[in-house]
Amino acid sequence: FKSFGDEDSRDPAVRRQTVKAHLQTAVAYMALGDYSKGRRAAQSAADVTAALVADRPDDADALRMQAE
């Protein structure tokens, strides 16, 4: 669960998958009771989503992910 190599990808599909991976990691850490790592993984998902929305403000999928 350390890191995802494609975080710096410019491909929107790869970035959306990276967000999903971070969220799944967050859920796993929370289920294990490691709330600090869970929060960090969730924040990473939020950061990647924010960058995606900033780069592609008309991307409905990215906006939806940000709203969730």
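# Exercises on a three-helix chain

The protein chain holds three helices and zero strands, where helices (H or I, at least four residues) and strands (E, at least two) are DSSP runs numbered from the N terminus. The model is a predicted one, in which local features need pLDDT of at least 70 and side-chain atom pairs count only at pLDDT 80 or more, while totals for chains, interfaces and linings use all residues. Residues are numbered from 1 along each chain as its sequence is written, and side-chain values use heavy atoms, with hydrogens and water left out.

**Exercise 1.** Describe the chain as a whole, giving its pattern of elements and the percentage of its residues that count as buried.

*Solution.* Read along the sequence, the pattern is α-α-α. For burial, the cut-offs on relative accessible area are under 20% for buried and over 50% for exposed, with partly exposed in between (1.4 Å probe, protein chains only). By this criterion, 31% of the 68 residues of the protein chain count as buried. Turning to contacts (heavy atoms within 4.5 Å), among those between residues at least 6 apart in sequence, 43% join residues at least 24 apart.

**Exercise 2.** Compare the end-to-end reach of α1 and of α2 with the expected span of each.

*Solution.* The expected span of a helix is 1.5 Å times one less than its number of residues. For α1, which has 20 residues, the expectation is 28 Å, and the distance from its first C-alpha to its last is 29 Å, which is close to that value. For α2 (residues 35-55), the 21 residues should span 30 Å, and the end C-alpha atoms are 30 Å apart, so the two values agree.

**Exercise 3.** List the buried residues of α2, and explain how they are placed around its axis.

*Solution.* The buried residues of α2 are Gly38, Ala41, Ala45, Val48, Thr49, Leu52 and Val53. They cover an arc of only 140° around the axis, and therefore lie on the same side of α2; the arc is that of the directions from the helix axis to the C-beta atoms. As background, an α-helix has 3.6 residues a turn, so residues three or four places apart point the same way. On the other side of α2, Arg39 and Ala54 are exposed. The cover over the buried residues of α2 includes α1 (12-31) and α3 (60-67).

**Exercise 4.** Characterise the packing of α2 against α3, first by geometry and then by the class of the residues in contact.

*Solution.* The axes of α2 and α3 come within 9 Å and cross at roughly 145°; axes are lines fitted to C-alpha atoms, for helices over the stretch in contact, and angles run from 0 to 180 degrees between N-to-C directions. The crossing of α2 past α3 is left-handed, a term that applies if the near helix is turned anticlockwise from the far one by less than a right angle, with right-handed used if clockwise. The contact is made by Thr49, Ala50, Leu52 and Val53 of α2 together with Ala62, Leu63, Met65 and Gln66 of α3. By class, the contact has six nonpolar, two polar and no charged residues, where Ala, Val, Leu, Ile, Met, Phe, Trp, Tyr, Cys and Pro count as nonpolar, Asp, Glu, Lys and Arg as charged, and the others, Gly among them, as polar.

**Exercise 5.** Is Arg16 buried or exposed, and which residues does Arg16 touch, not counting residues up to four places away in sequence?

*Solution.* Arg16 is found in helix α1, and at 19% relative accessibility Arg16 counts as buried. With residues up to four places away in sequence not counted, Arg16 touches Leu52, Asp59, Asp61 and Met65. The C-alpha atoms of Arg16 and Val48 are separated by 8.3 Å, although the two residues are 32 residues apart along the chain. Val48, in helix α2, is buried at 9% relative accessibility.

**Exercise 6.** Place Arg10 in the chain and identify its contacts.

*Solution.* Arg10 is found in the segment before α1 and is exposed, with a relative accessible area of 57%. Not counting residues up to four places away in sequence, Arg10 touches Arg15 and Asp55. The C-alpha atoms of Arg10 and Asp55, 45 residues apart along the chain, are separated by 9.1 Å.
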